[in-house]
Amino acid sequence: MRTWQDDGAVAAGAPATGAAEEVEDAHSRDRAVARARFREPLTQWMFIVPAAAYLLLFFGYPIVKNIVMSFQQYTTTTFYTGAAPFVGPQNYAKILSSDLFSKALLNTALFTAGSILGQFVLGLAFALFFQRRFPLGRVLRSLLLLPWLLPLVVSGTTWRWMLAPDTGVVNDALRHLHLSSSGIPWLTGTSQALVSVILINIWVGIPFNTAILYGGLQDIPTHLYESARLDGAGPVTSFRYVTWPLLRPVVSVVLVLGVVYTVKVLDIILVVTGGGPANATETIATQSYELSFQHFEFGRGAAMSNVLIVISLAFAVVYLRANRRARNV
């Protein structure tokens, strides 16, 4: 038989039970929050670790190995004996004191400057042209990407056939137009060969510059051009005071990437001229390749490639600092 004392006990114990459940729920929420806080950085590390491992394995290790190799006498016998004597800065001293290095350095500077100038100017011109809407505009933009999509070996082989002194279509066209009776030695003349590979590299790099600059132009608000026209600004003034200032960040990216890529161009020169004639198109990249895979002096080849890396990094640092200083003025 249930009495009033039992009812009082149940009533007295109800608040205690409710409080215990609330405490348990609070502990459960705290544990859930703690698990969430633990899982979030764990999930982040699950994405970071594979990428970091990939970079260390395929970029970090080759760079470190290349630096170590540049201080060793690393030849074909090393693959059999495993011996690569340490020679210190001897490899760097040999390549820097070589007469061919000064020639390769000058050719690299001329090749890079000419290529970047031509690619950027023509790429910007095409980007401004395609900013206008006209029939078949998208089709032409797609076709413009074709040189960029072709393998460099295919592009180089095609241009070597087109610029051949006797059977090339370029000289054949010049003769039919009575612009040249004997043709131009595009690839065999010491003064024309470097110009030829520069023009070929410009042709290859125009699509990249056009695509990046065209994307930058699309991000410029159109109302700024409308305001400029209302103020009486013409196309040149609008470009100077509207387009160029807002496009400068994109220009910085294009130029830095262009120089870093162009300074190490190897495929086109090897396929078209092979560094000749008479080292007229020899660059630091081709010299590094020849030292490593033709003369099998891997230590000197590694030293030459490290010089190339330093030149690329130096340009990137100097240009980015100058560009940042110009924006802060």
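Q: Is Val250 buried, exposed or partly exposed, and how do I read that?

A: Go by relative accessible area: buried is under 20%, exposed is over 50%, and partly exposed lies in between (1.4 Å probe, protein chains only). Val250 has a relative accessible area of 21%, so it is partly exposed. Keep in mind that this is a predicted model, where local features need pLDDT of at least 70, side-chain atom pairs count only at pLDDT 80 or more, and totals for chains, interfaces and linings use all residues. Residues are numbered from 1 along each chain as its sequence is written, and side-chain values use heavy atoms, with hydrogens and water left out.

Q: Where does Val250 sit, and what is it in contact with?

A: Contact means heavy atoms within 4.5 Å. Val250 belongs to helix α11, and beyond its neighbours within four places in sequence it is in contact with Ile212, Leu213 and Gly216. Take Leu213: 37 residues separate it from Val250 in sequence, yet the C-alpha to C-alpha distance is 6.7 Å.

Q: Ser238 is in α11 too. Why does it count as buried?

A: The relative accessibility of Ser238 is 9%, so this residue of the helix counts as buried. Setting aside residues up to four places away in sequence, Ser238 touches Tyr225, Ala228, Ala233 and Thr243.

Q: How can I read burial along a whole helix?

A: An α-helix has 3.6 residues a turn, so residues three or four places apart point the same way. Try α3 (residues 90-97), whose buried residues are Asn91, Tyr92 and Ile95. Seen down the axis of α3, these fall within an arc of 95°, so they line one face of the helix; the arc is that of the directions from the helix axis to the C-beta atoms.

Q: How many helices and strands does the chain have?

A: Helices (H or I, at least four residues) and strands (E, at least two) are DSSP runs, numbered from the N terminus. Here the chain has 14 helices and 0 strands. Of its 329 residues, 33% are buried. Among contacts with a separation of 6 or more, 66% join residues 24 or more positions apart.

Q: What is the volume of the largest pocket, and which residues are closest to its centre?

A: On a 1 Å grid over the protein atoms alone, a pocket is an open set of points with protein on both sides within 12 Å along at least five of seven lines, while a cavity is a set where a 1.4 Å probe fits but cannot get out; lining residues have an atom within 4 Å of a point. The largest pocket holds about 570 Å³ of space. It is lined by 23 residues, and Leu128, Gln131, Arg132, Gln218 and Tyr225 are the closest to its centre. Elements giving two or more residues to this lining include α4 (99-130), α9 (193-218) and α11 (235-262).

Q: What about the second largest pocket?

A: Its volume is about 300 Å³. Among its 13 lining residues, Lys264, Ser305, Leu308, Ile309 and Ser312 lie nearest the centre. The largest share of this lining, 6 residues, comes from α14.

Q: How many cavities are there of 30 Å³ or more?

A: There is 1 cavity of 30 Å³ or more, and the largest cavity has a volume of about 30 Å³. Its lining includes Thr108, Phe111, Lys264 and Thr283. Helix α4 gives the most to that lining, with 3 residues.

Notes: Grid points are joined across faces, edges and corners, and a volume is the space filled by probe spheres set on the points.
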